[in-house]
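Here are a few notes to read alongside the model. Have it open and follow the points in order.

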Amino acid sequence: MADAYAVRRERLREHCSASGADAALITRAANVRYLTGCAPCGATLLLTRERALLALPDDLPPDDTGEHLLGEDLTQLLVPGEADTAPAAAEAAARLRVRDLAVEEHDLTVARHRVVAGLAEGIRLRDLGQTVEQLRVVKDEHEIADLRIAAEIADQALGELLESILVGRTERHLAMELERRMIDHGADRAAFPVSVGTGTHSGQEAHQPTDRRVEEGDFLTVVLGARYRGYGVSTARTFVIGAAPAPWQVELHRLVFRAQRAAREALGPGVVQQVPDQAAREILQAAGYSETSPHPVGHGIGLEIREAPRLGPSDMGKLDNRVPVTVGPGVHIPGKGGVRIEDTLVVRPLEEGGPELLTITTKELLAL
């Protein structure tokens, strides 16, 4: 892994050189982790043409520098625990006679930017923009391996929950249990707060669990994801509780399943990002649900739960190989409930088997 981080840093050096900067100051936690393997801890990376200097709080426990050993080519600069590491890295840039320093203006607050500028005496600051985020879009096989494990953990936790008694338990309790199960199976933590919606709450986008209890005949929608070595996945499934599902539940679930399958099958290198969204949206609109899916059908995922690219109706970029994305259409009928089905997949060409499905819990309408 140390070699993989070194390769990533070299790609960033090449970009800086092409843009006229001789160093970069990386402050966004996910970007620092991507380039060094250092888990989020307030660290700042100063990357010059010859050096990689990692400013770290000096009060970290030994194992808080990441799951992977930091590369030998990373020089560590310890900063008092209560201090900001970015100014310390800026001072180091001045000592190293950096002339043009690219900074992540989208991450720095105005106050931090002023401090950095004041300490980087004699240095011209320029905006690095979303350069590292763009480098992160296409994943290497190390990253995809971590995503596979995260998906396995989420699937295992969900599968165990489905084997338990659900009637009478609250949404909040089920969400907490899923988070605990994922940690028990090796996750760093949940990739995001688990959402459990039952009855009229089912199928809602970003539903916050309540004390509503699961009842016979309810739809139950679960949205969860595990994070493993920093990499997270997202999956959503909808089931019916107790007796056999009602005809309207079967019909709605079948519709969302068809839309989700169409979007998944539309993924591929070179495909315009809006195409998967259109594939799902056309099926839902044909059934009369034109206003129930205003959000993009999916988005990139990795060190952050929402990354580039976005799979929305107006996104005109093209997908690349080895890009993990979510695909998750849904329909919610106010006062009645709804269905959401989501997977995390990796874009692959047809000659490699097409999109690689990471989250494999059944999408059938199970009666629990």
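1. Start with strands S13 (residues 298-300) and S14 (residues 307-311), which pair in the antiparallel sense over 3 bridges. Keep in mind that this is a predicted model. The two strands make a hairpin, with 6 residues between S13 and S14. If you want one bridge to look at, take His 299, whose partner in S14 is Arg 310.

2. Next, the aromatic rings. The count comes to 1 aromatic pair. Its members are Phe 219 and Trp 248, with ring centres 5.5 Å apart and planes at 80°; that angle is over 60 degrees, so the pair is edge-to-face. This contact links distant parts of the chain: Phe 219 belongs to strand S9 (residues 219-224) and Trp 248 to helix H8 (residues 247-265), 29 residues apart.

3. How buried or exposed are these two? Phe 219 has 2% relative accessibility, so it counts as buried. Trp 248 is partly exposed, with a relative accessible area of 27%. Trp 248 also has a charged neighbour: Lys 336 lies over the face of its ring, 4.4 Å from the ring centre.

4. Now for the largest pocket, which holds about 680 Å³ of space. Its lining comes to 32 residues, and those nearest the centre are Glu 205, Ala 206, Val 223, Arg 306 and Glu 342. The hairpin strand S13 turns up again here: S13 and strand S16 (330-333) each supply at least two residues of that lining.

5. What is the lining of the largest pocket like by class? It has 15 polar, 12 nonpolar and 5 charged residues.

Notes
Residues numbered from 1 in each chain as written. Predicted model: local features only at pLDDT ≥ 70, side-chain atom pairs only at ≥ 80, totals over all residues. Heavy atoms only, no water. Pairing = 2+ DSSP bridges. Helix = DSSP H or I, 4+ residues; strand = E, 2+ residues; numbered from the N terminus. Phe/Tyr/Trp six-rings, centres within 6.5 Å; stacked < 30°, edge-to-face > 60°. Buried < 20%, exposed > 50% of the residue type's maximum accessible area, 1.4 Å probe, protein only. Lys NZ or Arg CZ within 6 Å of the ring centre and 35° of its normal. 1 Å grid on protein atoms, 1.4 Å probe; cavity = no way out; pocket = protein on both sides within 12 Å on 5 of 7 lines; lining within 4 Å. Points joined across faces, edges and corners; volume = space filled by probe spheres on them. Nonpolar A, V, L, I, M, F, W, Y, C, P; charged D, E, K, R; others polar.
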